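Trainee: I'd like to go through the ligand site and the sheet, and hear the reasoning behind each label. Can we start with the contacts?

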Amino acid sequence: MDIVIRPTQVDAVKLTAMIIADTLRRNPAAVLGLATGRTFQPVYALLVEEFTEGRIDFSGVTTFNLDEYAGIAETDPRSFSAYMREQLFSKVNVSPDRCHLPDGTAADLAESCKAYESAIAAAGGIDLQLLGIGLTGHVGFNEPGSALHSRTRTKALSEITREQYRQYFNNGQEVPARAVTMGIGTILDAQRCLLLATGSEKSAVIAEALEGPITASVPASALQFHENCTVLLDEAAASRLNNTEYYLTTFAHEPEWAEYRERNL
Ligand code: PGA
């Protein structure tokens with residue numbers, strides 16, 4: 001696990017966006033696993049900028065989103081489909097038939113989850129999986145207690161998560177009780193994982209996930225099993241970590257980060 005701490009949210013977001021952009025420049029046919037949430041909005045804004053200025057091309061890219069609410073149609077403005085259209089898909093040249101999200105309204109959800117796993121496999125697997133982290137320690141909507149080998153399935157949302165997402169559901173509409181999410185096993189199969197967390201409210205769960213024991217009670221801790229996982233944090237999100245000196249030294253001196261240092265990222 002490579003843990004990178006940048007001074008501010010803006011720095012962490014920029015480095016994340018540049019790692020994604022470099023991935024697309026190296027592999028124009030990359031399969032991206034996408035995350036939603038507030039944390040990634042500015043990352044998508046920077047990717048749109050890279051595209052608009054002609055520095056990246058999405059025409060060969062395939063995407064699979066981590067999750068979608070159960071019972072919410074893709075046309076619903078509260079859906080993660082709507083989020084993706086608004087933040088990224090409508091602003092770049094990605095082919096709509098190569099953009100995949102779990103179907104929260106499938107008549108047979110179990111069957112549709114299996115089909116989602118098959119579609120990921122048929123695309124050759126995920127090259128780069130973007131991840132946020134929830135206050136419960138979830139990645140995707142894998143809430144505490146999720147099996148560490150789980151695959152795409154429906155999952156009940158915890159009260160903490162529903163509270164976190166209540167801001168997006170106005171007019172007395174309730175946050176859905178369930179979601180369809182890639183499993184932790186699905187996420188761990190990606191060639192590379194990139195987790196971004198910013199802000200002090202994430203500091204406690206980040207310390208548990210990165211430096212605590214691997215446990216289903218903190219689903220993001222399963223990323224400690226992944227051989228190619230990069231975690232990008234701002235100082236606020238990193239503020240409760242113990243091994244900070246080591247993480248700072250790694251970014252400052254290791255050759256793999258040289259090109260980013262040279263670009264002042
Ligand atoms: P956030 O969500 O980026 O809105 O904090 C992250 C998550 O819940 O996974």
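Mentor: Sure. Keep in mind that this is a predicted model. A polar side-chain atom of K202 lies 2.6 Å from an oxygen atom of the ligand.

Trainee: What makes that a polar contact?

Mentor: The cut-off for a pair of N or O atoms is 3.5 Å, and the K202 pair is at 2.6 Å, so the pair counts as a polar contact. The side chain of T39 has an N or O atom 2.5 Å from a ligand oxygen, and for Q164 that distance is 3.1 Å. Both pass the limit of 3.5 Å. The protein covers 89% of the 280 Å² of accessible area that the ligand has on its own.

Trainee: Which residues surround the ligand?

Mentor: Among them are G37, R38, G132, I133, G134, H138 and Y165. The shell splits into 2 nonpolar, 6 polar and 2 charged residues. As for location, the ligand sits in the largest pocket.

Trainee: On to the sheet: how do you know that β6 and β9 pair?

Mentor: Pairing takes at least two bridges. Strand β6 (residues 128-131) and strand β9 (residues 192-197) are joined by 4 bridges and run parallel, so they qualify as a pair. One example is Q129, whose bridge partner in β9 is C193.

Trainee: What is the strand order in the open sheet?

Mentor: Its 7 strands run β1-β10-β9-β6-β2-β3-β5, with parallel pairing.

Trainee: Why are β1 and β5 at the edges?

Mentor: β1 (2-6) and β5 (99-100) each have a single partner strand, so one side of each lacks a neighbour in the sheet.

How values were computed: Residues are numbered from 1 along each chain as its sequence is written. This is a predicted model: local features need pLDDT of at least 70, side-chain atom pairs count only at pLDDT 80 or more; totals for chains, interfaces and linings use all residues. Side-chain values use heavy atoms; hydrogens and water are left out. A residue is near a molecule or strand if one of its heavy atoms lies within 4 Å of it. A polar contact is a pair of N or O atoms within 3.5 Å; within protein, one must be able to donate a hydrogen and the other to accept it, and residues adjacent in sequence count only if both atoms are side-chain atoms. Accessible areas come from the Shrake-Rupley method with a 1.4 Å probe; for residues, only the protein chains shown count as cover. On a 1 Å grid over the protein atoms alone, a cavity is a set of points where a 1.4 Å probe fits but cannot get out, and a pocket is an open set with protein on both sides within 12 Å along at least five of seven lines; lining residues have an atom within 4 Å of a point. A molecule sits in a cavity or pocket if more than half of its atoms lie within 2 Å of its grid points. Ala, Val, Leu, Ile, Met, Phe, Trp, Tyr, Cys and Pro count as nonpolar, Asp, Glu, Lys and Arg as charged, and the others, Gly among them, as polar. Helices (H or I, at least four residues) and strands (E, at least two) are DSSP runs, numbered from the N terminus.
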